[in-house]
Amino acid sequence: MEALTAVAIVAGTVASYAIAWLVGVPLLVPLLNTAASFPFMVLALERGHLRLAVARMLIWAMTLGVCATSLSYRHPAATEVMFLRSAAYRGEMFAWVLTGRGAESSPSQFIPQQAGHAALFASLSIATGGVVAMPMGAILMNYMGHYVGTLAASSAHPALTMVLAWHPWAVIRVISFVAIGVVLSAPVLSRIAKFRVDWNAARPLLAWAGAGLVLDVLLKALLAPAWQRLLLRSVGW
């Protein structure tokens with residue numbers, strides 16, 4: 001049964017990009033993305049399966065990453081219009097790959113930025129039951145995927161670049177955001193759908209997610225300069 005649910009999440013997420021492509025309205029992309037997975041998260045929470053809800057949303061996040069990366073690799077100009085904030089993020093990250101200078105290698109810049117994203121995402125999860133937070137997560141995934149896909153399209157070694165450009169600290173951040181989003185969405189959703197939150201399961205998930213955000217910052221501060229050199233060699237600029 002759960003395998004079928006995973007297939008449905010993946011298929012629905014892929015379909016959300018197809019519909020968004022046909023409609024051509026960038027603001028609808030994260031909303032369509034979210035609609036493909038949100039009901040499955042709520043169903044798991046209603047049944048008291050908090051970890052299952054997180055697992056389902058991790059499948060969704062992985063599918064977002066694959067779709068956004070693949071589309072941007074094949075259609076970089078179109079996805080730059082389709083994905084919100086993708087042009088600015090791509091420009092920022094391409095400059096960092098080329099020169100090693102930028103927020104990615106500067107803790108004084110990226111720590112406040114990431115803390116702000118995390119605080120906003122958590123607040124939206126608590127206030128809206130994830131209804132607004134999950135589209136925010138989709139926006140982040142899409143412009144990150146756009147950077148990866150367009151960098152691979154510009155690379156002498158596309159497959160290697162595609163793997164390296166999903167920086168390990170960014171992957172940890174995505175996993176942490178998913179856990180935070182699901183757990184902090186549960187209180188509002190529980191009041192609407194009349195179910196109880198398993199706080200014995202929720203507290204460790206939040207603790208691990210918080211540790212993940214700290215690890216994200218530490219790895220980025222330690223590894224980003226060396227990672228930029230790896231990427232530059234892979235791209236071949």
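**Group meeting: pockets and cavities in an all-helix model**

Okay, let's start with the fold: the protein chain has 11 helices and zero strands. Before I go on, remember that this is a predicted model. If you read along the sequence, you get α-α-α-α-α-α-α-α-α-α-α, so the radius of gyration is the next thing to ask about: at 18 Å, it is close to the 18 Å that the globule rule gives for 237 residues, so the chain is as compact as a globular protein of that length.

A few more overall numbers. Along the principal axes, the C-alpha atoms fill a box of roughly 55 × 40 × 30 Å. Of the 237 residues, 47% count as buried. The chain exposes about 10900 Å², and 72% of that comes from carbon and sulfur atoms. As for contacts, take those between residues at least 6 apart in sequence: 77% of them join residues at least 24 apart.

Now, the empty space. Rolling a probe the size of a water molecule over the atoms shows where empty space is left. How many cavities of 30 Å³ or more does a search of the whole structure find? Two.

The largest cavity has a volume of about 430 Å³. It has 29 lining residues, and the closest to its centre are Leu140, Met141, Met144, Arg173 and Val174. Which helix gives the largest share of that lining? That's H8, with eight residues. At least two residues each come from H4, helix H6 (86-99), helix H7 (107-128), helix H8 (133-153) and H10. By type, the lining of the largest cavity divides into 19 nonpolar, five polar and five charged residues.

The second largest cavity holds about 50 Å³ of space. Its lining is Leu45, Gly48, His49, Leu50, Ala186, Phe195, Arg196, Val197 and Asp198. Those split into five nonpolar, two polar and two charged.

On to the pocket. The largest pocket has about 220 Å³ of space in it. Two elements give two or more residues to the lining of this pocket, namely helix H4 (50-74) and helix H10 (168-193). H4 makes the largest share, at five residues. If you want to click through the lining, go to Leu58, Ala61, Met62, Gly65, Val66, Met141, Trp166, Val171, Val174 and Ile175. What's the character of that lining? Nine nonpolar, one polar and no charged residues.

You may have noticed methionine 141 coming up twice: it is in the lining of the largest pocket, and it is also among the residues closest to the centre of the largest cavity. So let's zoom in on that one. Methionine 141 sits in helix H8. Buried or exposed? Its relative accessibility is 7%, so methionine 141 counts as buried. Leaving aside neighbours within four places in sequence, methionine 141 is in contact with Ala61, Leu64, Gly65, Ala68, Trp166 and Val174. Of those partners, Ala61, Gly65, Trp166 and Val174 also show up in the lining of the largest pocket. And for a sense of distance, lysine 194 is 53 residues from methionine 141 along the chain, with 31 Å between the two C-alpha atoms.

Next, a charged side chain: arginine 56. You'll find arginine 56 in helix H4. With a relative accessible area of 5%, arginine 56 is buried, because the cut-off for that is under 20%. What does arginine 56 touch, not counting residues up to four places away in sequence? The list is Glu2, Thr5, Ile9, Phe40, Leu43, Ala44 and Arg47.

Last stop is serine 37, in the loop between helix H2 (28-35) and helix H3 (38-46). Loop or not, serine 37 has 0% relative accessibility and counts as buried. Serine 37 touches Ile9, Met57 and Trp60, again not counting residues up to four places away. Ile9 is on the contact list of arginine 56 too. Serine 37 also has methionine 134 at 9.5 Å, C-alpha to C-alpha, though the two are 97 residues apart in sequence.

To wrap up: we have a helix-only chain, two cavities of 30 Å³ or more, and a largest pocket with no charged residues in its lining. If you open the model afterwards, I'd begin at methionine 141 in helix H8. Okay, over to you.

How values were computed. Residues numbered from 1 in each chain as written. Predicted model: local features only at pLDDT ≥ 70, side-chain atom pairs only at ≥ 80, totals over all residues. Heavy atoms only, no water. 1 Å grid on protein atoms, 1.4 Å probe; cavity = no way out; pocket = protein on both sides within 12 Å on 5 of 7 lines; lining within 4 Å. Points joined across faces, edges and corners; volume = space filled by probe spheres on them. Helix = DSSP H or I, 4+ residues; strand = E, 2+ residues; numbered from the N terminus. Nonpolar A, V, L, I, M, F, W, Y, C, P; charged D, E, K, R; others polar. Rg over C-alpha atoms; globule rule 2.2 N^0.38 Å. Buried < 20%, exposed > 50% of the residue type's maximum accessible area, 1.4 Å probe, protein only. Contact = heavy atoms within 4.5 Å. Areas by Shrake-Rupley, 256 points an atom, 1.4 Å probe, with all protein chains shown as cover.
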